[in-house]
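Below is a colleague's note for someone opening this entry for the first time. The points can be followed one by one with the sequence and the model side by side.

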Amino acid sequence: MHKHTLKTVPLIAAGIAAMLALSGCSAGSIEPSAGAKQVKGGTVSYGHQQEPACVFGGWIEQAYLSYQVLDNLVSLDENHEIVPWLAETWQASDDQLTWTFTLKEGVSFTDGTPVNAEAIAYNFDYWAAGGNSTAAVWLGGYYESAEALDELTVRVNLAKPYPLFAENLTQAYFGIQSKQALETRTDEENCAAPIGSGAFTVGKWNRGENIILHRNEDYTSPPANARHEGAAYVEKVDWKFISDATTRVSALRAGEADAIYDVPAIEWAGIGEQGYDQLKYVTPGRPQQISFNTAKGIFTDENLRKAFVYSLDRESIVDTIGKGVIPYEGNGAVSQTTPGYSEKAADAYSFDLDKANELLDAAGWTDRDDEGYRVKDGETLDVQFPYSGGTIINADGASILQGVQQQAKAAGFKVDLIPIPPSAAASGKYSGVDGYDISVGYWTSVNAGIQYINWRQNLPESPNNWNSAFYNDPALENLIVQANSAVDLDEQNALYAEAQEYIADRALSVGLYDRLSTLAVNPHLKDVWQESSQGGPVFHDAYFVE
């Protein structure tokens, strides 16, 4: 029943009915019987929306996969507490410059080599050198070195105090790989099938279709917040790539998928009413937000940035498209589930078309063309707005951006929405200072320290290509660095909030909606859960019942 193979063509109604019969499930009766018992083994058929280039890497889609294969030093539980994983204990020095981790005994990578302090230190150097791009930017400016003090004790030396260091290590970008594998295998081999100590190993990857994950029979190192010890209950996870949201939902309803990711907002209520288990995680970190190009073009003018924001009823757009599932987010710096969140920054702007028009008139954009777009000195008030459709922005997100385009027209902005295919996004075609007037995107994080990555200055001696507003401001950077270094939580959060309000006051970035990680699961599959640092699915504890 649980080893279906999903066809790559869209499902049609007759096919759905046939597969419901074959699966032994029906749209009207999917609940397991009373007193259902656990089934040993089985294969989880899981429908994911995007296929990454590698299993391990700096994109969240890779992090979701690598979490199944690689263990971290520490994990984050549902109470936002750091708990043991490969490290049993850890501590920071009084000056917060030295972190010492003591490892569990007897843990091995799946190539048979030990998970020891030497391997951990090697991974830190590997990340910092660019082995994982996102891990590298989290460590940038802080990491100096790592050293094995003995077989199970590793010391990490930092250049600046960083009380949130261990918390950041709960993200799957910091999954630990075999030192031997990193040294002896090719980059391509480690990309396609990294060697870790995790609950699963990577089997066959059928590009464009699926990856088969096999149970690690010798697994001994689940995190403290796992739901059971030892090896996974299921034998395999068939991690399918199904880019079309309608096809994913159809596969779930047909019994061709036991669980799916990224449920469209319009389908959410119906999925719940039909008895499927639903999991929703509002991702902390940077939300889906608009960043203005402050270095070149019309939005170098702060008043034009504010006029654009005032022209939008962002909440109504999100509520209409999001059907009460997608949370509106006014804060452009961090999402509402992020520790240190500022309500003041979130509430800085509301819809005010009169104010938008006043600001545009004052800036000299007083004429309009036949289509209603503002004109000044013969130039149209044109806004180049590229976005990564199907990757960074899903179908619901694309509809929200269309709402932005329509509403901004009332004030006279001509918004040119430009969907970017993955190939163009990877090439960086629209990423430079000449690439856009507005950008949109998110960055997951476990805390408001994400502002250090998004707003640190981009200087020749310390480049930062993740400052999408191209806004170099030492005062803002200093606020964020102070927050990163603050040991007292109240002081830390106050400084993070001050930075968010600084960003809002200057209309450098404004929020649209919070990025979601959603799952729908057939109730015959139990104990699928979402890990708390990024909301990815966890299959180590999952099992079938009948």
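Not counting residues up to four places away in sequence, which residues does V137 touch?

1. The model is a predicted one, and the question about V137 is a convenient way into it. Once residues up to four places away in sequence are set aside, V137 touches W443, I453 and W466. V137 itself lies in helix 4, which covers residues 133–139. Of these partners, W466 is 329 residues away from V137 in sequence, yet the two C-alpha atoms are 9.1 Å apart in space.

2. Contacts between distant parts of the sequence can also be followed over the chain as a whole. Among the contacts that join residues at least 6 apart in sequence, 71% are between residues at least 24 apart. The protein chain contains 18 helices and 26 strands, and its C-alpha trace spans about 70 × 65 × 40 Å along the principal axes. For 546 residues, a compact globule would be expected to have a radius of gyration near 24 Å, and the value of 24 Å computed for the protein chain agrees with this.

3. As to the surface, 59% of the 546 residues in the protein chain are buried. The chain exposes about 21,300 Å², and carbon and sulfur atoms supply 48% of that area.

4. The structure holds one disulfide, and this link deserves a separate look. It is formed by C54 and C191, whose sulfur atoms are 2.1 Å apart, and with -95° about the S-S bond the link is left-handed. Because C54 lies in the loop between strand 2 (43–48) and helix 2 (60–69), while C191 belongs to helix 7 (residues 187–192), the pair ties together parts that are 137 residues apart in sequence. Both cysteines fall under the 20% limit for a buried residue: C54 is buried at a relative accessible area of 17%, and C191 is buried at 15%.

5. H540 is placed in the loop between strand 25 (537–538) and strand 26, and with a relative accessible area of 6% it is buried. A polar atom of the H540 side chain lies 2.7 Å from the backbone oxygen of G230, and a polar contact of 3.2 Å joins the side chains of H540 and D541. Leaving aside neighbours within four places in sequence, the residues in contact with H540 include G230 itself, together with A199, F200, Y219, P222 and H228.

6. Strand 26, which borders the loop of H540, is also part of an open sheet of three strands, with the order 1-26-23 and antiparallel pairing. Strand 1 (38–39) and strand 23 (525–526) stand at the edges with a single partner strand each, and therefore one side of each is left without a neighbour in the sheet. Strand 23 and strand 26 (residues 543–545) run antiparallel and are joined by two bridges; L525 has F544 in strand 26 as its bridge partner.

7. Helix 10, which runs over residues 302–310, is mostly covered, with seven of its nine residues buried. The buried residues of helix 10 are L304, R305, K306, A307, F308, V309 and Y310, a list in which a reader may wish to check the two charged side chains by name, R305 and K306. At the start of this helix, a side-chain oxygen of D301 comes to within 2.8 Å of the backbone nitrogen of N303.

8. Two backbone angles should be looked at by anyone checking the model. Most residues other than glycine have a negative phi. Q96, although not a glycine, has a positive phi of about 65°; Q96 is placed in the loop between strand 5 (87–92) and strand 6 (98–103) and counts as buried at 12% relative accessibility. F470 is likewise not a glycine and has a positive phi of about 55°. The place of F470 is in the loop between helix 16 (450–455) and helix 17 (474–485), and F470 is partly exposed, with a relative accessible area of 22%.

Methods
Residues numbered from 1 in each chain as written. Predicted model: local features only at pLDDT ≥ 70, side-chain atom pairs only at ≥ 80, totals over all residues. Heavy atoms only, no water. Buried < 20%, exposed > 50% of the residue type's maximum accessible area, 1.4 Å probe, protein only. Helix = DSSP H or I, 4+ residues; strand = E, 2+ residues; numbered from the N terminus. Polar contact = N/O pair within 3.5 Å; in protein donor to acceptor, adjacent residues only side chain to side chain. Pairing = 2+ DSSP bridges. Disulfide = S-S within 2.5 Å. Rg over C-alpha atoms; globule rule 2.2 N^0.38 Å. Contact = heavy atoms within 4.5 Å. Areas by Shrake-Rupley, 256 points an atom, 1.4 Å probe, with all protein chains shown as cover.
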